[in-house]
Amino acid sequence: MSETTNETNATVWRFYAYRITVSNGFYLPVSVVYLQQVRGFGLDEIGLVLGAFSVAMVLAEIPTGYVGDRLSRPNSLLLGNVIIATFMVGYTVVETPLGYVALHAFWAIGWAFRSGTADAWLYELLAREGEADEFTRVRGRATTVKLGFEAVMAASAGFLVGYGWEVPFLANALVAVVGIPLLITAPRSRPTSPAAADRDAPDAEPFTVHEAIRSLRVSFARTDIRWFVAYVTLISMLYQVIRVFEQPGLESVGLPVAGFGLLYAAFKLVSGGAAATAGWVRDRLGVRLTYTLVLPVYGVASIAIALVPFALVPLFFTNRGIRTILNPIRNQYLNDRIDDVGRATVLSGVSMSSMLAGAGGKFVVGALADVMGLVTVLSATGLIIVVAAAGLVFVTTPFGDREPNRAGTAVDVDPGD
């Protein structure tokens, strides 16, 4: 086995291990129902709390992406793990809605420290070994590993609640802590483009705020990025709205809280299987067809839940599967079109737009659900977003007309070619 292959395998396995340490399987099955049953919050208050997370992500994305570009990627990810562990402990202490708003805002900072940086780190580590094309497959399989681990965690969550509501959250904090020594000893990525190589020179100036802003402006000025981001933001908003109201939705169709752990374990297993197909889907269908096909899927599902509320359960499975397939495809598309200098900043900017849209969706759906009924609001929201996304495809070119080169920038392609 060659030295390059050994280095690639070590990179892949370290990334797999890191992804496991940011798992939240103990937390997820009981987080919202904890706010309902233990803290006594209504859906409007839950929408406010979880919407605050999205707003804080919007504010934190660019600064944390800049930190990831200026400092080493693992150091930025390390801060994320520390914050995640602190959040999990804090969940068992805070009592008021405003307290949870502040806590989720703090958690959003930890989430933001890894939202663009983790993918930038993986892409650059693979690129330095000549394996950048493997990003989608590695990222997808890493998600499969993470979701498989989360399935075991989720299946245990209901059991752990029997020892106290706080136990799942403390167990999740411990998982995040395990990632700290892993990241302290992690390899630092090296530049793979000429611009990044210049930046790595001993006498180079540090990556500045001005350059970070310029990276964003230049990237989003390109049509093959701007309209793509607009489209994926709509899809992300729909995913977030459906995802955040899963537990109230399950209760509304008569599923007992005691069974949530096993159901969430099934969610993770299905999503893990879907994530493993991301590379295959990208190769066989391409970005354009893959993203276009999700519209009729969501459209049919939105109509189905209006007619048969129990169709929420397959919708929740479908929603998670779609997300795990699309995420690595989205990030491969973007990574191929942006330069190493400012990479994490641009990826964080993309995440920021998605979180801003998600925050608005959570606030609106949470407020309307108490008045009109959750199923009705989710159905209407799905149809509205599907129509808006279809309109965007019709009037713009969200999947670009330029092909990337391996330096991370796009080159114009002659239509005659």
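**Internal cavities and helix packing**

In the lining of the largest cavity, 18 residues are nonpolar, 14 are polar and 13 are charged. The structure described here is a predicted model, and the residues in question number 45 in total. Nearest the centre of this cavity lie Asn24, Trp111, Tyr239, Arg243 and Arg323. Helix α15, spanning residues 312-335, contributes the largest share of the lining, with seven residues. The space enclosed by the largest cavity amounts to about 1,100 Å³. Altogether, four cavities of 30 Å³ or more were counted.

The second largest cavity holds about 110 Å³ of space. Its lining consists of Val232, Ile235, Ser236, Tyr239, Tyr291, Tyr298, Ile322, Arg323, Leu326, Asn327, Arg330 and Ser354. Tyr239 and Arg323 thus appear in this lining and are also among the residues nearest the centre of the largest cavity. Three helices, α11 (223-244), α14 (278-307) and α15, each supply at least two residues of the lining of the second largest cavity. The largest share again belongs to α15, which provides five residues. By class, seven of the lining residues are nonpolar, three are polar and two are charged.

Two of the helices that line the second largest cavity, α14 and α15, also pack against each other, at an angle of about 150° and with their axes 10 Å apart. Because angles over 145 degrees count as roughly antiparallel, α14 is roughly antiparallel to α15. The crossing of α14 with α15 is left-handed. On the α14 side, the contact is made by Ala278, Val281, Arg282, Val287, Thr290, Tyr291, Val294, Val297, Tyr298, Ala301 and Ile305. The α15 side comprises Leu312, Leu315, Thr318, Asn319, Ile322, Ile325, Leu326, Pro328, Ile329, Arg330, Gln332 and Tyr333. Of the residues in the contact of α14 with α15, 17 are nonpolar, four are polar and two are charged. Several of these contact residues, including Tyr291, Tyr298, Ile322, Leu326 and Arg330, also belong to the lining of the second largest cavity.

Within α15, isoleucine 325 illustrates the contact at the level of a single residue. Leaving aside residues up to four places away in sequence, isoleucine 325 touches Ala274, Thr277, Ala278 and Val281. Isoleucine 325 and valine 281 are separated by 44 residues in sequence, while their C-alpha atoms lie 7.9 Å apart in space.

Helix packing was also examined for α6, α7 and α8. Helix α6 (residues 117-127) packs against helix α7 (residues 135-161) at an angle of about 130°, the two axes being 10 Å apart. This angle makes α6 oblique to α7, and the crossing of the two helices is right-handed. Asp119, Leu122, Tyr123 and Leu126 of α6 meet Phe135, Val138 and Arg139 of α7. The residues of this contact comprise five nonpolar and two charged, with no polar residue.

Helix α7 also crosses helix α8 (residues 167-184), at roughly 145° and with axes that come within 9 Å. In this contact, Phe149, Met153, Ala157, Leu160 and Val161 of α7 meet Val167, Pro168, Ala171, Asn172 and Val175 of α8. Nine residues of the contact of α7 with α8 are nonpolar and one is polar, and no charged residue takes part.

Definitions and conventions:
Residues numbered from 1 in each chain as written. Predicted model: local features only at pLDDT ≥ 70, side-chain atom pairs only at ≥ 80, totals over all residues. Heavy atoms only, no water. Axes fitted to C-alpha atoms, helices over the stretch in contact; angles between N-to-C directions. Helix = DSSP H or I, 4+ residues; strand = E, 2+ residues; numbered from the N terminus. Parallel < 35°, antiparallel > 145°, perpendicular 65-115°, else oblique. Left-handed = near helix turned anticlockwise from the far one by under 90°. Contact = heavy atoms within 4.5 Å. Nonpolar A, V, L, I, M, F, W, Y, C, P; charged D, E, K, R; others polar. 1 Å grid on protein atoms, 1.4 Å probe; cavity = no way out; pocket = protein on both sides within 12 Å on 5 of 7 lines; lining within 4 Å. Points joined across faces, edges and corners; volume = space filled by probe spheres on them.
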